[in-house]
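User: I should like to learn how the terms used for a protein structure follow from their definitions. May I put some questions to you about the one shown here?

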Amino acid sequence: MGKIARYLNQLIIGNVFDTPDILEAYSSDHSILKIKPKFVALPESTEDVRKLIRFCYQLAGKNIEIPVAVRGSGLDETGADLSNGLVISTEKLNNLLEFDKRERLVRVQSGITLKELNTALSLNGLTVPIGGHDYETIGGLI
């Protein structure tokens with residue numbers, strides 16, 4: 001593990017990887033593109049995301065740029081979730097945080113899938129009326 005990945009792993013609760021097999025797994029999506037990142041982060045909280053972005057911002061202030069892409073399920077067909085810098089995966093940010101049945105409002109993290117959300121809402125006779133793959137994340141759909 002490289003120096004930057006080690007530092008970031010001390011900084012956040014989640015994990016940052018720079019191993020070849022994980023970088024390879026995150027180097028493609030459902031597009032025809034293939035771009036290998038330098039790092040893959042799996043944050044476990046919004047605070048982790050804030051720390052990762054702040055780290056990249058501070059490096060940019062020193063003229064060291066690390067491009068950032070946010071990735072959900074990797075089902076994007078445009079290559080938008082690929083980066084040659086840091087890929088932040090939202091797969092662990094997949095919680096339903098709040099549900100107000102009376103107001104029909106739900107607050108979720110961006111990594112929750114359409115299927116997970118609709119399953120939770122179906123217990124109250126509700127659904128999100130969006131056409132999409134069951135495993136697309138809400139962040140990606142938005």
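User: What makes K34 count as exposed?

Analyst: This is a predicted model, in which local features need pLDDT of at least 70, side-chain atom pairs count only at pLDDT 80 or more, and totals for chains, interfaces and linings use all residues. Residues are numbered from 1 along each chain as its sequence is written, and side-chain values use heavy atoms, with hydrogens and water left out. A residue is exposed over 50% relative accessible area, buried under 20%, and partly exposed in between (1.4 Å probe, protein chains only). K34 has a relative accessible area of 57%, so the residue is exposed.

User: Why is E24 called partly exposed?

Analyst: The relative accessible area of E24 is 35%. This value lies between the two cut-offs, and therefore E24 is partly exposed.

User: How do you know that E24 and K34 form a salt bridge?

Analyst: A salt bridge requires a side-chain nitrogen of Lys or Arg within 4 Å of a carboxyl oxygen of Asp or Glu. In this pair the closest N and O atoms are 2.4 Å apart, so the condition is met. E24 belongs to helix α2 (residues 20-25) and K34 to the loop between α2 and β2 (39-42), so the salt bridge ties together parts 10 residues apart in sequence. Helices (H or I, at least four residues) and strands (E, at least two) are DSSP runs, numbered from the N terminus.

User: How many salt bridges does a search of the whole structure find?

Analyst: The search finds five. Among them is the pair R107 and E98, whose closest N and O atoms are 3.1 Å apart. R107 is partly exposed at 47% relative accessibility, and E98 is partly exposed at 43%.

User: What makes E103 and R102 a salt bridge?

Analyst: Their closest N and O atoms are 3.2 Å apart, which is within the limit, so the pair qualifies. E103, at 42% relative accessibility, is partly exposed, whereas R102, at 72%, is exposed.

User: How do you know that β2 and β4 pair?

Analyst: Two strands pair if DSSP finds at least two bridges between them. Three bridges join β2 to β4 (residues 86-89), so these strands pair. They run parallel, and V40 has V87 in β4 as its bridge partner.

User: Why are β1 and β3 called edge strands?

Analyst: The open sheet of four strands has the order β1-β2-β4-β3, with mixed pairing. β1 (15-17) and β3 (68-71) each pair on one side only, which makes them the edge strands.
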